[in-house]
Amino acid sequence: MTGPRGRTAEERSLGELFGELSQDVGLLVRQEAQLAKTEMQQKLSKVTTDLVALASGGVVALVGGLALTSAVILLLIDPVGLKPWLAALLVGAVLGLVGLMMLQRGLKNLKRTDPTPRRTVETIKDDIQWAKEQRP
């Protein structure tokens, strides 16, 4: 097998071999850092999407609750005959539960996101093994 200068491994000095190895390891470290950065950006994008869904669920629950609360309360007061405070309490409890379920779903999705850059960890392990095998 010939090296970068056309000489075989036996013809190159130990210093040259270590120099090449350190250059290769340096390149490898830079590539791993770039992979980790890319992988973390992908995970951050997923988390951002889940956070937007979580916030949207909260806003939808609030707006829907505000828009319907007065109508449902009035409906419970007049035809049903409930006292206004009791009608408001019942409607508020139902809307609160719906909003809570939406928030729990968003949190569940966030918890499923694994922040560990798995591909990077695996390739670093492979790189360490490769570097060990390259020792003269």
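1. Let's start with α2. This helix has 29 residues and reaches 43 Å from its first C-alpha to its last, close to the 42 Å expected at 1.5 Å a residue. Bear in mind throughout that this is a predicted model.

2. Staying with α2, its buried residues are Ala87, Val91, Gly99 and Gly106. What covers them includes α1.

3. Two other residues of α2 are worth a look. Leu86 lies in this helix and, at 27% relative accessibility, counts as partly exposed. Leu86 and Leu76 are 10 residues apart in sequence, with their C-alpha atoms 8.9 Å apart in space. Ala88 also has its place in α2; with a relative accessible area of 31%, Ala88 is partly exposed. If you want a long distance to check, take Ala88 and Glu16: they are 72 residues apart in sequence and 82 Å apart in space, C-alpha to C-alpha.

4. Over in helix α1 you will find Ala55. Its relative accessible area is 46%, so Ala55 is partly exposed, as the cut-off for exposed is over 50%. Ala55 and Leu103 are 48 residues apart in sequence, yet from C-alpha to C-alpha they are 8.1 Å apart in space.

5. Next comes the loop between α2 (84–112) and α3, where Thr113 is found. Is Thr113 buried or exposed? Its relative accessibility is 18%, so Thr113 counts as buried, the cut-off being under 20%. And what is Thr113 in contact with, leaving aside its neighbours within four places in sequence? Its contacts are Lys46, Val47 and Asp50.

6. Now α3, residues 118–133. At 1.5 Å a residue, its 16 residues should span 22 Å, and the end C-alpha atoms are 23 Å apart, which agrees. The buried residues in α3 are Thr120, Asp127 and Ala131. Seen down the helix axis, the buried residues of α3 fall within an arc of 35°, so they line one face of the helix. As a reminder, an α-helix has 3.6 residues a turn, so residues three or four places apart point the same way. Turned away from the buried side of α3 is a face that carries the exposed residues Lys125, Asp126 and Glu133.

7. What do the buried residues of α3 pack against? The partner is α1 (14–77). The angle between α1 and α3 is about 170°, and their axes are 9 Å apart. With over 145 degrees as the cut-off, α1 and α3 are therefore roughly antiparallel to each other.

8. For anyone going through this contact residue by residue, the α1 side consists of Leu21, Asp24, Leu28, Glu32, Leu35, Ala36, Glu39 and Gln42. From α3, the residues they meet are Arg118, Arg119, Thr120, Thr123, Ile124, Asp127 and Trp130. By class, the contact of α1 with α3 has six nonpolar, three polar and six charged residues. Thr120 and Asp127 turn up here again, having already been listed among the buried residues of α3.

9. To pull the helix part together: α1 is included in what covers the buried residues of α2, and α1 is also what the buried residues of α3 pack against.

Methods. Residues numbered from 1 in each chain as written. Predicted model: local features only at pLDDT ≥ 70, side-chain atom pairs only at ≥ 80, totals over all residues. Heavy atoms only, no water. Helix = DSSP H or I, 4+ residues; strand = E, 2+ residues; numbered from the N terminus. Expected span 1.5 Å × (residues − 1). Buried < 20%, exposed > 50% of the residue type's maximum accessible area, 1.4 Å probe, protein only. Arc of directions from axis to C-beta. Contact = heavy atoms within 4.5 Å. Axes fitted to C-alpha atoms, helices over the stretch in contact; angles between N-to-C directions. Parallel < 35°, antiparallel > 145°, perpendicular 65-115°, else oblique. Nonpolar A, V, L, I, M, F, W, Y, C, P; charged D, E, K, R; others polar.
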